[in-house]
Amino acid sequence: MKILLVEDEPALVAAISRFLEEEHYVVTTATTYASASTAMHDYAYDCIVLDIGLPDGNGLDLIRQLNAGSADTGTAGLIIISAKDSLDDKLLGLELGSDDYITKPFHLPELNARIKSVLRRRLFGGNNLITFGDITVDSLSHQVKVRHQSIELTEKEYQLLVFFMANPNRLLTKAAIAEYVWGDYMDGADSHDFLYTHIKNLRRKLIDGGCPDYLRTRYGAGYLFSKTA
Amino acid sequence: MTLLRKTLLYLLLVMLPVALGGGWLFDTLIRRGIYYEIDEQLSSDLAYIQQQLIRQQVTVGQDHHLLDNPHIEPVAGPGQLTPVYSDTTEFDWREHNPVPVRQLKAILTVGDKHYLVVVKQAMGEFDEIARLLSISVVGGFMLLLGLLVVLNSWVSKRLWTPFFTLIEQLRTFRLDASEPVRFSGSSIAEFDHLSATLNDMSQNLQQQYQLQKAFTEHAAHELQTPLAVITTQLDQLLGTEPLTGEQVALMESAQHSVRRLVHLNKSLLLLTKVENQQFAGLQTVDLSSLAAQQCRQFALYAAHRGLDWQVSIAAGVTRRLNPYLADVMFSNLLKNAMLHATANTNVYITLTASSFTIRNTGEPLPFPEDQLFSRFVKHPARPDSTGLGLAITREIARRYDIALNYRYHNDIQEHVFMLDFQTSQ
């Protein structure tokens with residue numbers, strides 16, 4: 001899987017590309033509009049992660065270029081990163097054909113989950129099934145099965161599960177999880193306790209469905225979704 | 001009092017003493033002039049009589065004229081009498097009243113005879129002439145001045161028109177207006193100068209204001225990047241092994257603080273943008289479905305806190321708002337109730353055609369009520385909150401002329417927040 005990361009902040013480039021490489025993606029980076037434009041034309045990517053606030057040009061123009069340009073990049077998934085939490089930008093970005101929009105700052109596991117979701121939609125059109133151990137999730141119908149047995153999850157529990165499955169064997173903090181599941185809505189709320197309740201319910205439902213306990217707390221402050229103890 | 005009226009008033013005030021003093025002065029001068037001329041006439045009459053006496057053409061002691069004028073009477077000796085002018089009155093038989101008379105008394109010596117000669121001139125007519133002249137001059141003066149005042153007020157009104165236009169433009173001047181005001185020029189150099197100065201000033205202000213706005217926005221955006229770096233690097237750090245529980249707890253705590261900072265930053269940015277009216281895009285927003293959707297959104301957390309959401313939403317309530325701001329306005333109020341309501345109590349959420357009301361039970365405010373909607377005023381028990389939520393709600397409500405009211409019922413310990421739509425549209 002080839003990913004083009006367009007981002008002008010070196011520290012972010014380093015952190016994101018390192019994270020994605022750990023996820024076994026092949027990452028190409030571009031830090032300017034010009035280099036991004038060149039990189040887009042030179043190779044075909046499976047997914048482009050694009051910061052639209054570039055020093056030498058508007059990233060939205062890159063998308064227009066992408067749409068108008070070669071067929072090679074036509075199938076690439078596109079995720080916009082923006083420092084602006086602006087509805088207009090978001091709508092315009094999605095209108096121009098981006099698959100997702102994420103506002104700075106974001107957690108790397110969240111970006112990871114979104115990339116996976118985009119790739120699934122773009123590349124494996126027919127196959128919406130995500131599997132982890134005994135759990136199978138249909139990302140279209142939001143149906144969850146444990147050993148071919150359906151279990152009923154609430155919307156939030158489903159989101160939690162997908163987030164965990166996108167980031168297996170990775171330490172996830174409550175802050176990162178809460179932000180992915182609730183976004184801005186729970187800002188200022190004492191949501192950790194609330195999160196704990198949801199995770200506890202999810203775990204209970206999975207175990208009740210006959211699933212091994214993949215979810216474990218680590219170091220008191222984080223969670224790990226893993227097949228090995 | 002307008003400048004014009006003040007000018008006219010001063011003019012009138014000055015006019016009165018000038019008219020009175022001027023009248024008196026004029027009268028005196030005319031009188032003096034008349035006396036001088038009369039005295040000259042009398043002395044030339046005296047000289048004429050002397051000549052006639054020399055030529056023996058007058059009969060002494062006989063009344064020649066009315067008023068016994070001239071009066072010539074032989075006297076014994078030359079005496080010491082030098083010619084004397086004096087004022088007196090004599091009875092006018094025709095007018096049946098005494099009239100003022102000017103007379104010249106002198107002793108003339110012709111050959112060896114001496115005569116006492118008195119020549120007179122009735123003054124009544126001259127006095128009247130003097131008075132008439134003075135009055136007409138003063139009257140003329142007043143009339144001219146009155147005309148001047150009228151003319152002045154008319155001219156002034158015309159001259160000051162550009163000034164009043166400028167004032168009217170200044171009155172409508174708004175720093176945050178999208179279109180900068182252009183102060184109109186004038187054919188009068190001073191006002192043209194004023195208008196040019198105002199234009200410079202407003203342009204300067206507008207520029208400063210734009211810079212300020214841009215600064216706030218840029219500052220907030222610039223902050224986002226380092227915050228993003230911190231967030232991702234903390235995530236990276238969490239990916240390293242081995243870690244101790246203490247390290248993870250510290251990172252988690254740091255993430256939490258970063259999150260707070262991000263939220264604070266976003267809220268400040270939002271507040272600035274609302275204040276700067278950077279949210280145009282009025283749409284008809286279905287408040288009923290918005291409120292219902294948000295109640296659902298918070299219902300889980302409310303249930304978690306043991307709050308009983310008592311929702312009553314009238315259908316089809318719409319208002320023209322920016323949809324994003326409408327969302328923020330409602331959700332901040334709901335969030336506020338959700339966070340501050342006493343656990344295991346009822347929260348009443350009511351939307352009617354004219355208002356949106358949230359009632360929740362809770363302790364009285366720990367700060368004065370008028371600070372409730374101020375920025376960074378927080379409940380001491382919740383230092384984690386930004387203290388901006390209600391400030392943002394009030395700012396948004398204000399933008400759309402919606403009244404945001406707050407009441408506290410002491411007896412039942414109930415906080416009531418109400419958005420009153422009736423003041424708008």
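Me: Before the sheet of chain B is discussed, what makes two strands a pair?

Reply: Two strands pair if DSSP finds at least two bridges between them. In this predicted model, chain B has an open sheet of 4 strands in the order 1-4-3-2, with antiparallel pairing.

Me: Why do strand 1 and strand 2 of chain B stand at the edges of this sheet?

Reply: Strand 1 (71-75) and strand 2 (84-92) of chain B each have a single partner strand, so one side of each is left without a neighbour in the sheet. Neighbouring strands of the sheet are turned by 30° against each other on average, direction ignored.

Me: How do you know that strand 2 of chain B is joined to strand 3 of chain B?

Reply: Pairing requires at least two bridges, and 9 bridges join strand 2 to strand 3 (residues 97-110) of chain B, the two running antiparallel. Within strand 3 of chain B, B:V99 is the residue opposite B:E90.

Me: Which helix of chain B packs on the sheet, and at what direction to strand 3 of chain B?

Reply: Helix 1 (residues 3-54) of chain B does, touching strand 1, strand 2, strand 3 and strand 4 (113-122) of that chain. The direction of helix 1 makes about 45° with that of strand 3 of chain B.

Me: What makes strand 8 and strand 9 of chain A a pair?

Reply: Against the requirement of at least two bridges, strand 8 (residues 129-132) and strand 9 (residues 135-138) of chain A have 4 bridges, in the antiparallel sense. One of the residues involved is A:I130, whose bridge partner in strand 9 of chain A is A:V137. The hairpin of these strands has 2 residues between them, and A:G133 takes a positive phi near 55° there.

Me: Why is A:D51 called buried rather than exposed?

Reply: The cut-off for a buried residue is 20 or more other C-beta atoms within 10 Å. A:D51 has 25 within that distance and is therefore buried. Its place is in strand 3 (residues 47-51) of chain A. Not counting residues up to four places away in sequence, A:D51 touches A:V6, A:E7, A:D8, A:G59 and A:I81. An unreviewed UniProt entry annotates A:D51 as "modified residue: 4-aspartylphosphate".

Me: What share of chain A counts as buried, and what does its secondary structure come to?

Reply: Of the 229 residues of chain A, 42% count as buried. The chain has 8 helices and 14 strands. Among its contacts with a separation of 6 or more, 60% are between residues 24 or more positions apart.

Me: Why are helix 7 of chain A and helix 4 of chain B called oblique?

Reply: Helix 7 (residues 174-182) of chain A and helix 4 (residues 245-275) of chain B pack at an angle of about 40°, with their axes 8 Å apart. Angles under 35 degrees count as roughly parallel and 65 to 115 as roughly perpendicular; the two helices are therefore oblique to each other.

Me: Which residues meet where helix 7 of chain A packs on helix 4 of chain B?

Reply: A:K174, A:A175 and A:E179 meet B:E252, B:Q255, B:H256 and B:R259. By class, the residues of this contact divide into 1 nonpolar, 2 polar and 4 charged.

Me: How many residues does the contact take from each chain, and which helix supplies the largest share on the side of chain B?

Reply: The contact takes 36 residues from chain B and 36 residues from chain A. On the side of chain B, helix 3 (189-238), helix 4, helix 5 (287-304) and helix 6 (323-340) each supply at least two residues. The largest share, 12 residues, comes from helix 3 of chain B. That side has 13 nonpolar, 17 polar and 6 charged residues.

Key
Residues are numbered from 1 along each chain as its sequence is written. Chains are lettered from A and ligands numbered from 1 in the order in which they are written. This is a predicted model: local features need pLDDT of at least 70, side-chain atom pairs count only at pLDDT 80 or more; totals for chains, interfaces and linings use all residues. Axes are lines fitted to C-alpha atoms, for helices over the stretch in contact, and angles run from 0 to 180 degrees between N-to-C directions. Angles under 35 degrees count as roughly parallel, over 145 as roughly antiparallel, 65 to 115 as roughly perpendicular and the rest as oblique. Two residues are in contact if their C-beta atoms, placed from the backbone, lie within 7 Å. Ala, Val, Leu, Ile, Met, Phe, Trp, Tyr, Cys and Pro count as nonpolar, Asp, Glu, Lys and Arg as charged, and the others, Gly among them, as polar. A residue is buried if 20 or more other C-beta atoms lie within 10 Å of its own, exposed if 12 or fewer, and partly exposed in between; C-beta atoms are placed from the backbone. UniProt positions are given in the numbering used here, feature names are shortened, and annotations may be inferred rather than shown by experiment.
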